[in-house]
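Me: Please take a close look at the salt bridges of the protein shown here. I should like to know where the partners sit and whether they are buried or exposed, with some context from the rest of the chain.

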Amino acid sequence: MAVGVLALQGSFNEHIAALRKLGVKGVEIRKPEQLQIVSALIIPGGESTTMAKLAKYHNLFPALREFVKMGKPVWGTCAGLIFLANKATGQKTGGQELIGGLDCMVHRNFFGSQLQSFEAELLIPKLVAEEGGPPSFRGVFIRAPGIIEVGPEVEVLADIPTPSDKNVHSGPSVESQQENATMENKVIVAVKQGNLLATAFHPELTADTRWHSYFLKMTSEISEDASSSIISQSTEDPHFQKPPIFDLPIYQQQ
């Protein structure tokens with residue numbers, strides 16, 4: 001298995017090192033044609049505006065969108081989460097181009113500036129059920145985004161309490177604000193939807209490789225499902241023609 005890591009800027013080397021620990025080759029991706037040689041892709045954390053400009057310069061966006069649409073596994077961390085979101089708010093003037101595919105709205109720099117970066121223990125029951133280990137994961141949040149809305153197909157894997165000055169609701173509904181006042185405010189920081197995985201934090205900056213292992217298992221399962229689907233379609237399709245079998249003469253020595 002070869003996993004691509006978008007290597008325009010940011011923590012791509014750390015992701016490759018984490019994959020290496022798990023015995024998997026990480027391939028640096030900088031050009032559209034390089035996506036053809038990998039079965040999955042990680043979009044690392046970094047400066048999202050800079051990454052978007054470089055991706056546009058190298059004409060990567062069409063190929064990245066096609067990669068997602070083909071159902072190939074993609075994991076975005078921090079800036080990578082912003083790229084995968086269908087909608088983003090809190091962006092700089094003019095915004096930035098997105099890949100899309102993940103049915104959510106992300107608030108860029110939800111947790112503040114670089115000086116407000118922090119670490120927090122995250123409860124990760126789904127990950128623990130799959131990977132074992134301790135019940136929490138030490139999340140590293142560096143000028144991190146937050147997921148403030150998700151669609152019905154999105155599975156929430158982790159959330160954390162929000163800072164007191166943050167409002168996770170994007171709508172002005174008075175009812176929702178009153179209802180929210182009775183419970184602890186939380187913001188979503190890890191999600192999964194089909195072939196897409198996204199985290200607002202940086203697992204590659206820790207020694208805990210469970211998120212990488214989880215993504216690799218996702219990749220294997222999606223690959224197996226795709227292979228089974230192809231075989232099933234070929235055997236059930238009445239128009240599918242099996243290659244002819246020729247009876248070749250048997251050579252007999254005189």
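The account below sets the scene, turns to the salt bridges, and then adds some further sites for context.

Reply: This is a predicted model, in which local features need pLDDT of at least 70 and side-chain atom pairs count only at pLDDT 80 or more, while totals for chains, interfaces and linings use all residues. Residues are numbered from 1 along each chain as its sequence is written, and side-chain values use heavy atoms, with hydrogens and water left out.

The protein has 7 helices and 12 strands; these are DSSP runs numbered from the N terminus, with helices being H or I of at least four residues and strands E of at least two. Of its 254 residues, 43% are buried. Here buried means under 20% relative accessible area, exposed over 50%, and partly exposed in between, using a 1.4 Å probe and protein chains only. Among contacts (heavy atoms within 4.5 Å) between residues at least 6 apart in sequence, 70% join residues at least 24 apart.

A salt bridge is taken as a side-chain nitrogen of Lys or Arg within 4 Å of a carboxyl oxygen of Asp or Glu, and by this rule there are 9. One of them joins E47 and R108, whose closest N and O atoms are 3.0 Å apart. E47 belongs to the loop between β3 (40-43) and α2 (48-57), and R108 to the loop between β6 (102-107) and β7 (118-123), so the bridge ties together parts 61 residues apart in sequence. Both partners are withdrawn from the surface by the definition above: E47 is buried at 15% relative accessibility, and R108 is buried at 5%. The pair also forms part of a network of salt bridges that links E47, R108 and R143.

Another bridge brings together the side chains of E155 and K126, at 3.1 Å from N to O. Since E155 is in strand β10 (residues 155-161) and K126 in helix α5 (residues 125-131), this bridge connects parts that are 29 residues apart in sequence. E155 is partly exposed at 31%, and K126 is partly exposed at 29%. In a further case, R210 pairs with D208, with closest N and O atoms 2.9 Å apart. Here the partners fall into separate classes: R210 is buried at 8%, whereas D208 is partly exposed at 23%.

Sites outside this set fill in the surroundings. Q193 lies in strand β11 (residues 186-193) and is buried at 16%. A polar atom of the Q193 side chain lies 2.8 Å from the backbone nitrogen of D103. Leaving aside residues up to four places away in sequence, Q193 touches G101, L102, D103, E153 and V154.

F67, in helix α3 (residues 61-69), is buried at 3%. With the same sequence neighbours set aside, its contacts include L35, V38, L41 and V74. The C-alpha atoms of F67 and L41 are 8.7 Å apart, although 26 residues separate the two in sequence.

In helix α1 (residues 12-21), the buried residues are F12, H15, I16, A18 and L19. They lie on the same side of α1 because they cover an arc of only 160° around the axis, the arc being that of the directions from the helix axis to the C-beta atoms. The face turned away from that buried side carries the exposed residues R20 and K21. Just after α1, G23 adopts a positive phi of about 80°.

Terms used
Polar contact = N/O pair within 3.5 Å; in protein donor to acceptor, adjacent residues only side chain to side chain.
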